[in-house]
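User: I would like to go through this model with you before I return to the bench. Could you take my questions one at a time?

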Amino acid sequence: MATIRHAHTVWEGNLTEGTGTVTLDSSGIGSYPVSWPARAEEPNGKTSPEELIAAAHSSCFSMFLSAVLGKAGTPPTRLTTKADVTFQPGTGITGVHLTVEGQVPGVDEAAFAKAAEEAKAGCPVSQALAGTTITLTATLAA
């Protein structure tokens, strides 16, 4: 059965001087200020659509990679994933770079890299972002 998650934003003012608040309705875990300067300049305590996409992508990728590794019989002990979403004003989102470090007993670098590539391709957020370039760096923790 499909699930639907909800968030909403209230925006006041014009693009460059206005401000808004994005609220995560489904989870109820919070409301966060958002502004154009947070998007195109410095965050200064506010979020942006790109930061929210980075959060969604890093968590989705981590879950998918955990599933891929688990299905192979080598579940991870820990995965740490960072998503860097690049935004170019006037152009839009120009790329996403995922960096994952894993603690995965019984897996070598090659197998981990292959699983990470599979997760990058299969993750639903990656699929939703198919219109942009997604790159990946995957390493095993020492």
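User: Does Thr74 count as buried or exposed?

Analyst: This is a predicted model. In it, Thr74 has a relative accessibility of 17%. The cut-off for buried is under 20%, so Thr74 counts as buried.

User: Where is Thr74 found?

Analyst: Thr74 lies in the loop between H2 and strand S4, the latter covering 78–88.

User: And which residues does Thr74 touch?

Analyst: Leaving aside residues up to four places away in sequence, Thr74 touches Leu69, Val104, Pro105, Gly106 and Val107. Of these, Leu69 also belongs to the H2 residues that meet H3.

User: Let us turn to that helix pair, then. At what angle do the axes of H2 and H3 cross?

Analyst: The axes of helix H2 (residues 49–71) and helix H3 (residues 109–122) cross at roughly 130 degrees and come within 8 Å. The two helices are therefore oblique to each other. The crossing of H2 past H3 is right-handed.

User: Which residues of H2 and H3 meet?

Analyst: From H2, the residues are Phe61, Phe64, Leu65, Val68 and Leu69. On the H3 side they meet Phe112, Ala115, Ala116, Glu118, Ala119, Lys120 and Gly122. By class, the residues of this contact divide into nine nonpolar, one polar and two charged.

User: Now to the strands. What is the strand order in the open sheet of three strands?

Analyst: The order is S1-S2-S3, and the pairing is antiparallel. Strand S1 (7–12) and strand S3 (30–35) are the edge strands, each pairing on one side only. On average, neighbouring strands of this sheet are turned by 20 degrees against each other, with direction ignored.

User: How many bridges join S2 to S3?

Analyst: Six bridges join strand S2, residues 19–24, to S3, and the two run antiparallel. As one position along the pair, Thr23 stands opposite Ser31 in S3.

User: What holds paired strands of a sheet together in general?

Analyst: Strands of a sheet pair through backbone hydrogen bonds, and the pairing may be parallel or antiparallel.

User: In which sense do S5 and S6 pair?

Analyst: Strand S5 (residues 92–103) pairs with S6 in the parallel sense, over seven bridges. Thr99 has Thr137 in S6 as its bridge partner.

User: Which residues form the covered face of S6?

Analyst: Strand S6 spans residues 134–140, and its covered face consists of Ile134, Leu136, Ala138 and Leu140. The uncovered face carries Thr135, Thr137 and Thr139. Thr137, the bridge partner of Thr99, is thus on the uncovered face.

User: Back to S5. What is the relative accessible area of Thr94?

Analyst: Thr94, in strand S5, has a relative accessible area of 39% and is partly exposed. Not counting residues up to four places away in sequence, Thr94 touches Thr86, Gln88, Thr132 and Thr133. From Ile4, which is 90 residues away along the chain, the C-alpha separation is 27 Å.

User: And Gly92, is that buried or exposed?

Analyst: Gly92, also found in strand S5, counts as buried at 17% relative accessibility. With residues up to four places away in sequence set aside, Gly92 touches Thr86 and Phe87. Thr86 appears among the contacts of Thr94 as well.

User: How far apart are Gly92 and Leu24 in space?

Analyst: They are 23 Å apart from C-alpha to C-alpha, and 68 residues apart in sequence.

Key:
Residues numbered from 1 in each chain as written. Predicted model: local features only at pLDDT ≥ 70, side-chain atom pairs only at ≥ 80, totals over all residues. Heavy atoms only, no water. Pairing = 2+ DSSP bridges. Helix = DSSP H or I, 4+ residues; strand = E, 2+ residues; numbered from the N terminus. Axes fitted to C-alpha atoms, helices over the stretch in contact; angles between N-to-C directions. Parallel < 35°, antiparallel > 145°, perpendicular 65-115°, else oblique. Left-handed = near helix turned anticlockwise from the far one by under 90°. Contact = heavy atoms within 4.5 Å. Nonpolar A, V, L, I, M, F, W, Y, C, P; charged D, E, K, R; others polar. Buried < 20%, exposed > 50% of the residue type's maximum accessible area, 1.4 Å probe, protein only.
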